[in-house]
Amino acid sequence: MSAAVSIIVPCYNVAPYLDKCMESLTLQTLGDLEIISVNDGSGDDTPAILRAWAERDGRIRVVDRENGGLSAARNTGMALAGGEYIGFVDPDDYVEHSMYGRLLEKARRSDADVTA
């Protein structure tokens with residue numbers, strides 16, 4: 001999938017937090033994004049919750065891998081990302097509804113590789 005922004009969410013045993021995080025990502029004002037959720041060998045309900053979200057929203061991809069830690073999960077997501085820009089969100093966080101739209105606009109306006 002080619003998108004303006006690829007958002008990578010590394011997940012390991014984060015079932016209690018996922019719904020709020022995924023809701024904040026799927027409700028972004030920027031529609032041109034992909035959400036790559038990397039299940040890093042979770043032993044709780046994380047995989048089932050991620051799959052339910054993927055069924056609801058076609059922009060979400062779930063990738064399963066053996067537990068290798070946060071950096072390995074992020075690297076897995078980066079290898080699959082097709083976006084012009086890449087963002088990272090921890091699964092116990094949520095983001096403001098226009099965050100990625102504003103960041104993309106700022107990056108393109110200044111022809112920046114990185115923006116905050």
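The legends below describe close-up views of a predicted model.

**View 1. Salt bridge between Arg61 and Glu34, joining strands E3 and E2.** The structure holds eight salt bridges, and the one shown here pairs Arg61 with Glu34, whose closest N and O atoms are 3.3 Å apart. The two residues belong to distant parts of the chain, with Arg61 in strand E3 (residues 60–65) and Glu34 in strand E2 (residues 33–40), 27 residues apart. Arg61 counts as partly exposed because its relative accessible area is 31%, whereas Glu34, with a relative accessible area of 0%, is buried.

**View 2. Salt bridge between Arg65 and Asp40.** In this pair the closest N and O atoms of Arg65 and Asp40 are 2.9 Å apart. Here too distant parts of the chain are linked, since Arg65 lies in strand E3 and Asp40 in strand E2, 25 residues apart. Arg65 is partly exposed, its relative accessible area being 26%, while Asp40 is buried at 3%.

**View 3. Salt bridge between Asp64 and Arg51, joining a strand and a helix.** The closest N and O atoms of Asp64 and Arg51 are 2.1 Å apart in the model. Asp64 is part of strand E3 and Arg51 is part of helix H2 (residues 46–56), so this salt bridge ties together parts that are 13 residues apart in sequence. Both partners are partly exposed, with a relative accessible area of 41% for Asp64 and 36% for Arg51.

**View 4. Arg56 and the ring of Trp53.** The charged end of Arg56 sits over the ring of Trp53, at 4.0 Å from the centre of that ring. As for contacts between aromatic rings themselves, the count of aromatic pairs in the structure comes to zero.

**View 5. Cys11 and Cys21, two cysteines without a disulfide.** A disulfide is a covalent bond between the sulfur atoms of two cysteines. The count of disulfides in this model is zero; for Cys11, the nearest cysteine sulfur is that of Cys21, 7.1 Å away, and for Cys21 the nearest is in turn that of Cys11. Because a disulfide requires two cysteine sulfur atoms within 2.5 Å, the cut-off is not met at this distance. Both residues are buried, Cys11 with a relative accessible area of 1% and Cys21 with one of 0%.

**View 6. Nonpolar surface patch of Met78, Ile86 and Phe88.** These three residues make a nonpolar patch of about 260 Å² on the surface. One of them, Phe88, lies in strand E4, which spans residues 83–88. With a relative accessibility of 38%, Phe88 counts as partly exposed.

**View 7. Positive phi at Asn13 and Asp111.** Asn13 has a positive phi of about 50° although this residue is not a glycine, and it is found in the loop between strand E1 (3–11) and helix H1 (15–26). The relative accessible area of Asn13 is 32%, so this residue is classed as partly exposed. Asp111, likewise a residue other than glycine, has a positive phi near 50° and lies in the segment after helix H4 (99–109). With a relative accessible area of 68%, Asp111 is exposed.

Notes: Residues numbered from 1 in each chain as written. Predicted model: local features only at pLDDT ≥ 70, side-chain atom pairs only at ≥ 80, totals over all residues. Heavy atoms only, no water. Patch = residues over 30% accessible without salt bridge, like charges linked within 9 Å, V, L, I, M, F, W, Y side chains within 5 Å. Areas by Shrake-Rupley, 256 points an atom, 1.4 Å probe, with all protein chains shown as cover. Salt bridge = Lys/Arg side-chain N within 4 Å of Asp/Glu carboxyl O. Helix = DSSP H or I, 4+ residues; strand = E, 2+ residues; numbered from the N terminus. Buried < 20%, exposed > 50% of the residue type's maximum accessible area, 1.4 Å probe, protein only. Phe/Tyr/Trp six-rings, centres within 6.5 Å; stacked < 30°, edge-to-face > 60°. Lys NZ or Arg CZ within 6 Å of the ring centre and 35° of its normal.
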